[in-house]
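Please look through the sequence and the model shown here before reading on. The report that follows describes how some side chains pair and pack.

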Amino acid sequence: MTSIKEQAAISRLLSFLQDWDNAGKVARSHILNNFIETNQGKTAPELEQEFSQGASLFLVRLTTWLRLTYMTGSCLEKLLRSIGIFLSSVSSNRYLIEFLEVGGVLTLLEILGLEKVKEQDKKESIKLLQVIANSGRKYKELICESYGVRAIAEFLAKSESEETQEEVQVLLDSLVHGNPKYQNQVYKGLIALLPSVSPKAQQLALQTLRTAQSIVGATHPSIVDCVLNVLRTMHLEVQYEAIELIKDLVNYDVCPELLKGLVDLLIPSLQETSTLQPKILNDSTVPQLTTHLPVFLQQAAAAKAIGVLARSNTSLAEEMLRLRVVHSLMAAMGNADHSNSQRQASLTLEYFVRMFPVVEEPVRRSMGEELYQLFLSNAEDLYMKIDSVQVDILATNKVNITRALYRSGLLYSNRSFYSGSYDQNVNLPHSQGDMEGKE
């Protein structure tokens, strides 16, 4: 037999549930406010005590109302926060299973794609998904099996709140850890985010990709092109994260492709520059407003990235010399349409000249003594001091240090840089005549 005290508690529970069942939207909103205020941070045993061992009876009412109203957004934030109190409580596994059994994950993912639902409501949905993902591997797998990665990634790309986007990043980071079955799916989803028009989404995706890459190990074939295209951004925080990822990627099998891609970006194709320049800009009476052309932003970022890589690893610098980086850097220094390209290329070329004696003489001969001394005196500000003739000298340079590399042994030493898998394709000059012809 139950005691009088227990009977009173059960009576209060039944009365509370009846009040909820009979309440309208406004009254239920008040009930949720009171519930959140009095139960935030409680453990599962404390919740059971509060509800006379019948907390699940209230949780099932919350989940039922969620499924009925989530498309309209009625009290959605409070409803999700209330469910979150149950799911995030200590020893809450029972509540979590009850929520998942009624399709809780699918409901939360659907909320992310609804246009009528407010951003704050979607943020609460993300927080609940975080709680579920952090509950263990099988729950991460359930989210991924429910097409969660795609829904979450799309929401990150479309979200207009940086605070919410950061919550999404936390969720994606959780899904890539301790989830071997679907970690590749998360990794590919992050790569798919790189072309996003949202700079914050790009920044967060790049950050998380660094972690994901170290976990997954093998690189995806599309990652090089995607990361290099991100360099077209005018947002420095995105460019920084892209270069940080590039620094990581040179330790993987895509290194040869990545280095070649960076060097190639120093000389944009005529097709790219002509396509990006509107016809009105060809009018001599109109100022040439080409400063922010994405291809030139990419050129400047590539010059900067090459400098970062070269300074961090001499072997990388030597490999880029083989790819004719000196010629390409000088050509970028001759891009009078974009001063930052000139500046970054000049700073990076200065490192190569000072670091590798084989580079100095070909650069001096190509520039001429006056321009070369001006370059050495202040490489960073060179672009402000050179005239149109000197710009043309740089842009049309024919520097090729193949013979110098051959004589110094750098061309041979780099054959082992990629464990033989890449450098076997190096085309060495077969005679002095060949070398002279390429000089």
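## Charged pairs, a helix and the core

At 38% relative accessibility, Glu361 counts as partly exposed, a class that lies between buried (under 20% relative accessible area) and exposed (over 50%), with a 1.4 Å probe and protein chains only. The model is a predicted one, in which local features need pLDDT of at least 70 and side-chain atom pairs count only at pLDDT 80 or more, while totals for chains, interfaces and linings use all residues. Residues are numbered from 1 along each chain as its sequence is written, and side-chain values use heavy atoms, with hydrogens and water left out.

Glu361 meets Arg364 in a salt bridge, a term that stands for a side-chain nitrogen of Lys or Arg within 4 Å of a carboxyl oxygen of Asp or Glu. Both residues lie in helix 22 (residues 357-367), 3 residues apart, which is about one turn of the helix; helices here are DSSP runs of H or I with at least four residues, numbered from the N terminus. Arg364 is likewise partly exposed, at 22% relative accessibility. Side chains of opposite charge can pair when their charged atoms come close. The whole structure has 19 salt bridges, and the table gives three pairs.

| Salt bridge | N to O distance | Citation |
|---|---|---|
| Glu361 and Arg364 | 3.8 Å | helix 22 |
| Glu154 and Arg150 | 3.2 Å | helix 10 |
| Arg94 and Glu48 | 3.6 Å | helix 6 and helix 3 |

Arg94 and Glu48 form a salt bridge, and because Arg94 lies in helix 6 (residues 93-101) and Glu48 in helix 3 (residues 44-50), the pair ties together parts that are 46 residues apart in sequence. Arg94 is partly exposed at 44%, whereas Glu48 is buried at 8%. In helix 10 (residues 148-158), Glu154 and Arg150 are 4 residues apart; Glu154 is partly exposed at 37%, and Arg150 is exposed at 63%. Salt bridges also link Arg210, Glu244, Lys247 and Asp248 in a network.

Helix 11 (residues 162-176) has 15 residues and reaches 21 Å from its first C-alpha to its last, close to the expected 21 Å, a span defined as 1.5 Å times one less than the number of residues. Its buried residues include Val168, Leu171, Leu172 and Leu175, and among the elements that cover the buried residues of helix 11 are helix 8 (119-133) and helix 13 (199-216). Just after helix 11, Gly178 takes a positive phi of about 60 degrees.

The largest nonpolar core has 130 residues, where such a core is a set of buried Ala, Val, Leu, Ile, Met, Phe, Trp, Tyr and Cys residues joined through side-chain atoms within 4.5 Å. Phe352 is one of the residues with the most contacts inside this core, and Phe352 is buried at 0% relative accessible area. Leaving aside residues up to four places away in sequence, Phe352 touches residues including Ile306, Met320 and Val359, with contact meaning heavy atoms within 4.5 Å.

Aromatic rings form 13 pairs in the structure; rings of Phe, Tyr and Trp (its six-membered ring) pair if their centres lie within 6.5 Å, and planes under 30 degrees apart count as stacked, over 60 as edge-to-face and the rest as tilted. Phe35 and Phe51 form a tilted pair, 5.9 Å centre to centre with 55 degrees between the planes, and both are buried.

Terms used:
Helices (H or I, at least four residues) and strands (E, at least two) are DSSP runs, numbered from the N terminus.
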